[in-house]
Amino acid sequence: MTPDTTLGAPFDAPTPEAAPCVAPPAAFLPSSLVAPLMTRRTLLRQAAILTGGAIVESAMLGCSLGSQTHPATTTTETYSFPTGFLWGAATSAYQIEGAAREDGRGESIWDRFSHTLGKIVDGSNGDVADDHYHRWQDDLDLMQSLGVRSYRFSVAWPRILPTGAGAVNAKGLDFYRRLVDGLLQRNIEPMVTLFHWDLPQALQDIGGWENRDVAQRFAEYADVVYRALGDKAHSWLTLNEPKTVTTVGYIYGTHAPGFHDPQRAYVALHHMLLGHGLAVQAFRARYPDAEHHIGAALNLSPVYPADAADGTAQAVTLQDGFENRLYLDPILHRQYPPDVTAALAGVWPSNAVIQPGDLATIGTSIDQLGVNYYNPLVVTAGPQVVNGVHPTTVASWESIYPTGLYDLLLRLKRDYGDLPLYITENGAPYQDTLNADSSINDSQRLSYLHDHLVAASRAAHAGVALRGYHVWSLLDNFEW
């Protein structure tokens, strides 16, 4: 199979062994940023100072990658971000809200899944989580104290429509109205995500995303939220990480709804994307003005060759198709990548599922794209994904490679044009350790965020239309 250069070529980057690491400048932000006891909270507060395109000169003191620090030569570089760049933080409803059975909220697939014996390692669930539903004002005050300019949150579908359709739960809408009003009072811009995995269980009971009707139910739900919040919230995202739902929820079975069936997975994917397109159309009908913006948040991974063996380049192209083009191309090019659909022969949806006009709907024009970045992939000709090439966080699947973010952002510009991009998730879990005064020594996470911000700055200077950065996550939360 030859590389498909028309639908998105593989990443043109050095092999992992030869790739330079991104060094943290000592004065990338004010000098206190590199103090050994600096916390992620202070990082976010001081990062907000850069809003407005401030330029800061810095001396390279070391090459930091995760917890590894290497000797370095001293150089001077300048980093900056565009005027108006939004520094933000992100959360999702099920992971922080709690109040799972209060004020008319219906059951979601994650309520059912997390309460099923053996599904969650420690038996935890999101019934209380961070209790954000009750403590939201304190959480917004915390955001204001940090200098957060943008807050990306998700609306819980079952809190608005307890059975996924039909009667609207006014108390649920009122919560999000109060939340948006509170954000604006604190000069924080809302970025609203409509679906962050918490499908109403009542819709799952009729087939979930495998049922084409659920795509229409999603658009109807979206329009309810638009009407309630759209006069004040101008930045919207339809879906969060459909790839994760497809692969982890339907193929690996370790996320809700917990299936192990590729054939069902790609039917669900198509209907999720169809729901996205229908929701964008509903948004366009309600808000045709240029002030309102909508898109989707995709988790994307640059793919690199493990070696120069015969067949490795083709393997990289195909893996890139599975990881990236399968989601980018229908939304931005109105087609599924043919090399990927050919590789999925036997499980790819039939014409009875992918109906005439569907791809035009899915490809309804969007205004922005959310990029969730956590890891690159390295593949052999096998094709086989090679583990252990880069250091990892506590999440063993998360490889620390900041240059991958730079490569990814430039690739999006090259293959998909100058669509405004927001980093909607980027962050790292580490085991907390305490300093002598019992404060948290957050040096590993500080290093991670610092290096990825440097990569983002480099991409912005290379011409990428990067508009904002949202750290994951504002709060420690229930982890899926």
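## Arginine 227 and its contacts

Apart from its neighbours within four places in sequence, R227 is in contact with R286 and Y287, in what is a predicted model. R227 belongs to helix α8, and although R227 and Y287 are 60 residues apart in sequence, their C-alpha atoms are 9.9 Å apart in space.

## Helices α6 and α8

The helix that carries R227, α8, covers residues 212–229, and it packs with helix α6, residues 170–185, at an angle of about 45°, the two axes being 10 Å apart. Because an angle of this kind is neither under 35 degrees nor within the range from 65 to 115 degrees, α6 is described as oblique to α8. The crossing of these two helices is right-handed.

On the side of α6, the contact is made by L173, Y176, R177 and V180, while α8 contributes V224, A228 and L229. Sorted by class, the residues of this contact of α6 with α8 comprise 6 nonpolar, no polar and 1 charged.

## Lysine 243 and the packing of α9 with α11

K243 is found in helix α9, and with a relative accessible area of 7% K243 is buried, because buried means under 20% relative accessible area. If neighbours within four places in sequence are left aside, the residues in contact with K243 are V248, N299, L300, S301, F322, E323 and Y327.

Three of these names return when the packing of helices is considered, for P242, K243 and T246 in α9 meet F322, E323 and Y327 in α11. By class, this contact of α9 with α11 has 3 nonpolar, 1 polar and 2 charged residues. Helix α9 spans residues 242–250 and helix α11 spans residues 312–333, and the two pack at an angle of about 130° with their axes 10 Å apart. The helices α9 and α11 are therefore oblique to each other, and their crossing is right-handed.

## Helices α14 and α15

How are helices α14 and α15 placed, and what angle lies between them? Helix α14, residues 402–416, and helix α15, residues 443–461, pack at an angle of about 25°, and their axes are 8 Å apart. That angle makes α14 roughly parallel to α15, since angles under 35 degrees count as roughly parallel. The crossing in which α14 passes α15 is right-handed.

In this contact P402, L405, Y406, L409 and L410 of α14 meet D451, H452, A455, A456, R458 and A459 of α15. By class, the contact of α14 with α15 has 8 nonpolar, 1 polar and 2 charged residues.

## Aromatic pairs

A search of the whole structure finds 32 aromatic pairs. One of them is formed by F81 and F85, whose ring centres are 4.7 Å apart and whose planes stand at 40°, so the pair is tilted. Both partners can be placed by their accessibility, for F81 is buried with a relative accessible area of 4%, and F85 is buried with a relative accessible area of 1%.

In another pair, the rings of Y94 and W110 have their centres 6.3 Å apart and their planes at 35°, so this pair is tilted. The pair links distant parts of the chain, as Y94 lies in helix α2, residues 93–96, and W110 lies in helix α3, residues 109–114, with their positions 16 residues apart in sequence counted as a separation. Y94 counts as buried at 3% relative accessibility, and W110 is buried at 1% relative accessible area. These two residues also belong to a cluster, in which ring pairs link Y94, W110, F113, W197, F478 and W480.

## The chain as a whole

Which secondary structure elements does the protein chain contain, and how many of them are there? The secondary structure comes to 15 helices and 16 strands. Of the 480 residues in the protein chain, 59% are buried, and residues such as K243, F81 and W110 are among them.

How much of the contact in the protein chain, at a separation of 6 or more, comes from residues 24 or more positions apart? Residues with that separation of 24 or more positions account for 78% of the contacts in the protein chain with a separation of 6 or more. The contact of R227 with Y287, which are 60 residues apart in sequence, is an example of a contact between residues 24 or more positions apart.

Technical notes. Residues numbered from 1 in each chain as written. Predicted model: local features only at pLDDT ≥ 70, side-chain atom pairs only at ≥ 80, totals over all residues. Heavy atoms only, no water. Axes fitted to C-alpha atoms, helices over the stretch in contact; angles between N-to-C directions. Helix = DSSP H or I, 4+ residues; strand = E, 2+ residues; numbered from the N terminus. Parallel < 35°, antiparallel > 145°, perpendicular 65-115°, else oblique. Left-handed = near helix turned anticlockwise from the far one by under 90°. Contact = heavy atoms within 4.5 Å. Nonpolar A, V, L, I, M, F, W, Y, C, P; charged D, E, K, R; others polar. Phe/Tyr/Trp six-rings, centres within 6.5 Å; stacked < 30°, edge-to-face > 60°. Buried < 20%, exposed > 50% of the residue type's maximum accessible area, 1.4 Å probe, protein only.
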